[in-house]
Amino acid sequence: MQRLKNLLLLISILALIIFSLTQFYTRQAYQQQLEANYQRAFRELTVHINGIEEELAKIQVVNSVELQAEIWANILRLVYSAQANLGQLPLNGLNLSRIEHLLASIQDKTVDFTRRNIRNETQVEETTLTELYLQVKYVNSELQKQLAEKGQTANWVNWKNFLQTSMLRSSNIEPGRRHPLMHSLVMVEDGMQRFSNSDFPSETDRLQGTLPRGELISPQEAVAIAEQFLQELAAGKKLQVVNESAGSLPTFTVQTVTEKDPYPITIEIAKYGGHVLWMTNGRIVSQSELDRDTLIGLAQDFLARRNFPEMRLVNASSRLNRLFLDFVPVEDQVLIYPQQLKLQVAEDNGQILGFQGQAYYGLQASRELSPQLTLAEARAKVKQSENIQAEHLAVILNPSFEEVLTYEFRVNQEPEEFLVYINAKNGHEEKVSRLHSR
Amino acid sequence: MIINRKLMFFIGMIIIFVILLVSYNLQKEKSIKLKDDLQAKEDQKARIQLDDNELDLLARAVHAEAKGEPYEGQVAVAAVILNRVAHPEFPNTIAGVLYEPLAFQIVANGTINQPADQLAIQAATEAINGVDPTNGALYFFNPAKTSNQWIRSRPVVKTIGKHVFAL
């Protein structure tokens, strides 16, 4: 009996040892793999930044438009890769906004320069280019130096980090346990303070300028505005302000108060100006029963009863038994795309479930809407002009977020359809978009 | 002879132990998978119309992060992820943002792999359509669950359900 007990004990111990060893080696294998991933991301980052520096240096000497275009394309590729590499590094909690903004502004400028270069519009602003080049040069030389010094240290991952991130539900690694190369990134980031002129406006900054503005309203006024907007949707329901938000566009959140309904109507009102920014209703729509034309009619009715001006339906798609409709205002026969407004209609009973009007209110402006090119002249600029199905004047946003007056041509290229936009002033092809049919 | 028999017994026991261990693990995986299948069937109707893989990923993130939260809170989670995609300081794709190392707990613990329910898909679609209840927030956290001091120091925009949304 005693022998059997001893034997069992021995077996258990052995089994435990085997089990622990497998666990240990598996963990080590995973750790190595993760280590290799981080190592690769960092090394690729330095290679790509080095490439950007080299290309930016060259472009200052290159004279021909062809070669410049080639180099810009290469820079764009390198920037995108560098951004991807940054996204693969465990940066959580590290502030690298200057480096990231630098990459983003190179990307922005590249698109901008390429467009203008090809059109021979204006010469590239040498000062911006030099400024960007100097910053990249600094980042590059620092990273190369740091990599040479600390590149061989292999402790991107250690078990304490593993424990911290996966078990303790906290994702901040203590600075002391970070890889030395992560410290170098922080040092480079700090070093970039010396460049005074490092604030190039980004996409988000530019959109900030388009927020609706106006007089400050009270919560009671917000409820009144919501009531007026919802009309029959909130019939017999009590509305109240349930939340408010700070930030660049302060708002009141108004909700229908219902005890039984798990899906209240939520409507967001701008504190300044009292515009209805959006409305949602999470109700699950079970079945589609009404046909599309009826639903579109109901949506148009909804807009008309709220005194919206003439609106043109430009896109309709269905998902989860909800019909998503995009409308744009029509001004003197011109479609104003930047002021697009979105509606969602329930396909079972035609109830309006969603509204999104931030751009509609934010981008209200008086516009110059007379074209300089004739329709025939613009038509001649379209590649497949024999396949043009429809045409229209339209204001769109170009990639630099500027409004341009264009001729919109609907081109049919079996089996797909495209919208081609020709600048109504200078005949440039501003944009091509593919229509998705669903 | 007796030693040999002992040894055989020994080895036999170890083999049994290992088999038990392996089968236990397999069983565990299988039961998880079975549960997923059931849930997938439930959501099939919603998923059939989904041909957009990115929307699906976004919806799964919403489902994992904000299941049981009010609808507006689910839309808000999706909106934060989309705000990050648009922001120069974050990766440029939904996958890039979600799988950024150490960024999301739901990626670390694998809950992002569970299929999304209809409400989450709806919320994701809503956010793609431009509804942003968070007013441009880039971070969100559950104050009851995070010990991260850095994220707590961000300027708060709004609180929806259990989540605090911050810039």
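**Close-up views of chain contacts and salt bridges**

Both Arg322(A) and Glu126(B) are buried. The views described below are all taken from a predicted model.

**View 1. A salt bridge joins chain A to chain B.** Arg322(A) and Glu126(B) form a salt bridge in which the closest N and O atoms are 3.8 Å apart. Because Arg322(A) belongs to strand β6 (residues 322-331) of chain A and Glu126(B) to helix α7 of chain B, the pair connects two chains. Between chain B and chain A the count is two salt bridges, whereas a search of the whole structure gives 17 over all chains.

**View 2. The interface of chain B and chain A.** Chain B contributes 50 residues to the contact and chain A contributes 68 residues. About 4900 Å² is buried between the two chains, with carbon and sulfur atoms giving 57% of this area. Eleven residue pairs, both members at pLDDT 80 or more, are in polar contact across the interface. Elements of chain B that supply two or more residues to the side touching chain A include α1 (2-42), α4 (71-86), α7 (118-128) and β2 (156-160). The largest share of that side, seven residues, is provided by α1(B). By residue type, the side of chain B that touches chain A comprises 23 nonpolar, 16 polar and eleven charged residues.

**View 3. Domain 1 and domain 3 of chain A.** The division of chain A is into domain 1 (2-200), domain 2 (222-362) and domain 3 (375-435). Four residues of domain 1 and six residues of domain 3 take part in the contact between these two domains. The buried area here is about 390 Å², of which carbon and sulfur atoms give 35%. Zero salt bridges are found across this interface, and the count of residue pairs in polar contact (both at pLDDT 80 or more) is also zero. On the side of domain 1 that touches domain 3 there are four charged residues, no polar and no nonpolar ones.

**View 4. The salt bridge of Glu403(A) and Arg367(A).** The closest N and O atoms of this pair are 2.7 Å apart. Glu403(A) lies in strand β11 (residues 403-413) and Arg367(A) in the loop between α10 (358-362) and α11 (375-379), so that distant parts of chain A, 36 residues apart, are linked. Glu403(A) is partly exposed at 34% relative accessible area, while Arg367(A) is buried at 15%.

**View 5. A salt bridge within helix α3 of chain B.** The side chains of Asp56(B) and Arg60(B) meet at 3.4 Å, N to O. About one helical turn separates the two residues, because they stand four residues apart in helix α3 (residues 53-66). Asp56(B) is buried, with 12% relative accessible area, and Arg60(B) is buried, with 17%.

Notes:
Residues are numbered from 1 along each chain as its sequence is written. Chains are lettered from A and ligands numbered from 1 in the order in which they are written. This is a predicted model: local features need pLDDT of at least 70, side-chain atom pairs count only at pLDDT 80 or more; totals for chains, interfaces and linings use all residues. Side-chain values use heavy atoms; hydrogens and water are left out. Contact means heavy atoms within 4.5 Å. Buried area is the accessible area (1.4 Å probe) that two parts lose on being put together, summed over both. A salt bridge is a side-chain nitrogen of Lys or Arg within 4 Å of a carboxyl oxygen of Asp or Glu. A polar contact is a pair of N or O atoms within 3.5 Å; within protein, one must be able to donate a hydrogen and the other to accept it, and residues adjacent in sequence count only if both atoms are side-chain atoms. Ala, Val, Leu, Ile, Met, Phe, Trp, Tyr, Cys and Pro count as nonpolar, Asp, Glu, Lys and Arg as charged, and the others, Gly among them, as polar. Domain bounds come from an automatic or database domain assignment. Buried means under 20% relative accessible area, exposed over 50%, partly exposed in between (1.4 Å probe, protein chains only).
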